[in-house]
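The exercises below are meant for a reader new to this structure. Each task sentence is followed by a solution that goes step by step.

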Amino acid sequence: MKAFKYIQVTAVLATCLSTFSCKDSFLDQPVLGALNDTQLTNKAGVNALLIGAYGVLDGNGAGAANAWDAAPGNWIYGSVAGGDAHKGSDGADQGSMNDIMQYTQNASNGFFNSKWKASFEGVNRTNITLFYIKKAQDLTAAEAKTIEAEARFLRAHYYFDLKKMFNNVPWVDETTTDYVNPNPADFNKANTTSIWPNIEADFKFAFDNLPTTQSSVARANKWAAGAYLAKTYLYQKKYQEAKTMFDQVIASGVTSNGLKYGLSDRYEDNFDAATKNNLESVFAVQMVAKDGTNSIDNSNIGQMLNFPYNSPFRCCGFYQPSQDLVNSFRTDASGLPYVDDYNSNPVKNDMGVSSKDSTFTPDKQQLDPRLDWTVGRRGIPYLDWGKHPGQDWIRSQPYAGPYSPKKNVYWQATQDKYADQSSWAPGTAINVLIIRYADVLLMAAEAEAQLGNLSKAQDYVNMVRARAAKPETLVYSYVNDKAPLSGFSSTPAANYKVAQYPAGAFAGYGKDKALRAIYFERKIELAMEGHRFFDLSRWGIAEQTLNAYIAYESKITTDLTGGRFTAPKNNYFPIPQRQIDLSTVNGTPTLTQNQGY
């Protein structure tokens, strides 16, 4: 479906240049492209404002310097900073990312200011919507409450993203200013009080007042709000509240288009534009390509850098999965993961091996098939584009390793419909999944384990692993390697084996080991989806995990040299210095910088 577009609200000051004579009547003309107060104080105006609040979910055109700075999937801040992936490309390209990858960033890094501005643009638009709901005379009480619930869901989403990234965030809502006569001082709010209660309240209101289904699949529904509320509880370690809400979501939740929540048979269906908005999609940022607007901006351009270099995709060689991540998909003889020592038996790679060297063969040992839907590796089908050639598609193996991203890549057979080639790099119609059902199950498993309900936690993890073991989730070889569009054979492309944990395993492990198994399942199930850094941070294990990652990965690539994670400083990103400067009142900044910066 077509992405929501921005509605301009703020009036533009008209001026007369000194070289022209102007009559008073000239200044009385309405501003072109702007909406006045009268146009917004009705049902149509409020709904337009709500659509505008949806319109910045993609982070594009919302104050970010580049689309990738504020990409909704947080591939830089969640996956590169989380050890799923290297920045990729080469050292000089997008150099500010290097500091984020090595945990040496400071408050002047422009990426953080872009992300802050884009998220607060979303907050601002929801607040404007909420402000005008109260002024609209033609809304019934029920209509007003539903629109308020939808706007508050979006506001909570934008604030959740800000909170998990920056921690110390000021709360600004529709009561803090008059949007007709704004007072700038109203926005200079202290950021030393936790905003979790406000985020909770917004999601709770949305859960209580949103419908179970929506007229548009893009709109949030009751159960998306419930899942997000449960996630909010989990981040605060309110495990009983999280469990209670997850129980309801799992038992009764449906998608905005009315599908009972569940796991799709094919893991890859979550990353294919042709099968998006399926039963696993809890809340997603909708992307389109070739929608008739002749604009690539409605597509997923936040990931336009993240395609193999020197390939059919033209650009750009970023977001290269790490060897540490790849090794995580190794399974033992019984089909279970090596949770505690996964790097002890690394997956074979083609570092330093020319693409012309035909003697290279892929790893022959047992692997989880989710690896080959997540990572492009030498000799394995890269969707229907042919086998990944290795070095020829990598900008610099010594710098960032031998692998390519895959979850953001479109299929060759459907590119005319789901890829936009009008710019220097592709845009795609692949949705960005903010929450999907597998994520819900694994968060629920975490809450259950924290409460001591290890058997129930294992049930949820096994549901996710059972899907991974299905024949539909395996990656298969081509019928004809020289003509990949001819289809796939019945022969798996690698030695795949995945098993569920045996009965009573988690109880036998005890709480701590069971949690490690759950954490590891999140790592492999949600790999390259922007979650890893935030998980490690909230679990309190980021320092030990990421320093071990740097030590291991630095033996393979050069890009992490000098990197070191230091807690508590690096558990959050710095408040942008630009925002601290702008918050100054009477010579004193209102915003307080995070610890260590």
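A residue counts as buried when its relative accessible area is under 20%. The model used throughout is predicted.

**Exercise 1. Determine which parts of the chain the salt bridge between K243 and E448 ties together, and state whether the two residues are buried or exposed.**

Step 1. The side chains of K243 and E448 form a salt bridge, with a distance of 2.9 Å from N to O.

Step 2. K243 belongs to helix α9 (residues 239–252) and E448 to helix α14 (residues 437–450), so this pair joins parts that stand 205 residues apart in sequence.

Step 3. K243 and E448 are both buried.

**Exercise 2. Carry out the analysis for the salt bridge between K523 and D324.**

Step 1. Here the side chains meet at 2.9 Å, again taken from N to O.

Step 2. Helix α17 (residues 511–525) holds K523, and helix α10 (residues 323–327) holds D324; the pair therefore links parts 199 residues apart in sequence.

Step 3. Both K523 and D324 are buried.

**Exercise 3. Describe the salt bridge between R370 and E521, and place both residues in a wider network.**

Step 1. A salt bridge of 2.8 Å, N to O, connects the side chains of R370 and E521.

Step 2. R370 is located in the loop between α10 and α11 (371–374), while E521 is part of helix α17, so parts 151 residues apart in sequence are tied together.

Step 3. R370 has a relative accessible area of 0% and is therefore buried. E521 also counts as buried, because its relative accessibility is 0%.

Step 4. R370 and E521 belong to a network of salt bridges that also links E280, D368, K407, R436, R465, R467, E525 and E529.

Step 5. Over the whole structure, the search finds 39 salt bridges.

**Exercise 4. State how many cavities of 30 Å³ or more are counted, and characterise the largest cavity.**

Step 1. The count is eleven cavities of 30 Å³ or more.

Step 2. The volume of the largest cavity is about 210 Å³.

Step 3. This cavity is lined by 19 residues, of which Q303, K407, N431, M528 and E529 are the closest to its centre. Two of these names, K407 and E529, also appear in the salt-bridge network of Exercise 3.

Step 4. Sorted by class, the lining comprises eight nonpolar, eight polar and three charged residues.

**Exercise 5. Identify which element gives the most residues to the lining of the second largest pocket.**

Step 1. The second largest pocket encloses about 480 Å³ of space.

Step 2. Its lining consists of 22 residues, and those closest to the centre are V339, Y342, R532, I541 and T545.

Step 3. The elements that supply two or more residues are α17, α18 (532–539) and α19 (542–553).

Step 4. The largest share comes from α19, with six residues.

Step 5. By class, the lining divides into eleven nonpolar, five polar and six charged residues.

**Exercise 6. Describe the surroundings of T590.**

Step 1. T590 is found in the segment after β12 (588–589).

Step 2. The T590 side chain reaches the backbone oxygen of S583 at a distance of 2.7 Å.

Step 3. When neighbours within four places in sequence are set aside, T590 is in contact with N188, K189, A190, N191, S583, T584 and V585. S583 thus appears both in this list and as the partner in the preceding step.

Methods: Residues are numbered from 1 along each chain as its sequence is written. This is a predicted model: local features need pLDDT of at least 70, side-chain atom pairs count only at pLDDT 80 or more; totals for chains, interfaces and linings use all residues. Side-chain values use heavy atoms; hydrogens and water are left out. A salt bridge is a side-chain nitrogen of Lys or Arg within 4 Å of a carboxyl oxygen of Asp or Glu. Helices (H or I, at least four residues) and strands (E, at least two) are DSSP runs, numbered from the N terminus. Buried means under 20% relative accessible area, exposed over 50%, partly exposed in between (1.4 Å probe, protein chains only). On a 1 Å grid over the protein atoms alone, a cavity is a set of points where a 1.4 Å probe fits but cannot get out, and a pocket is an open set with protein on both sides within 12 Å along at least five of seven lines; lining residues have an atom within 4 Å of a point. Grid points are joined across faces, edges and corners, and a volume is the space filled by probe spheres set on the points. Ala, Val, Leu, Ile, Met, Phe, Trp, Tyr, Cys and Pro count as nonpolar, Asp, Glu, Lys and Arg as charged, and the others, Gly among them, as polar. A polar contact is a pair of N or O atoms within 3.5 Å; within protein, one must be able to donate a hydrogen and the other to accept it, and residues adjacent in sequence count only if both atoms are side-chain atoms. Contact means heavy atoms within 4.5 Å.
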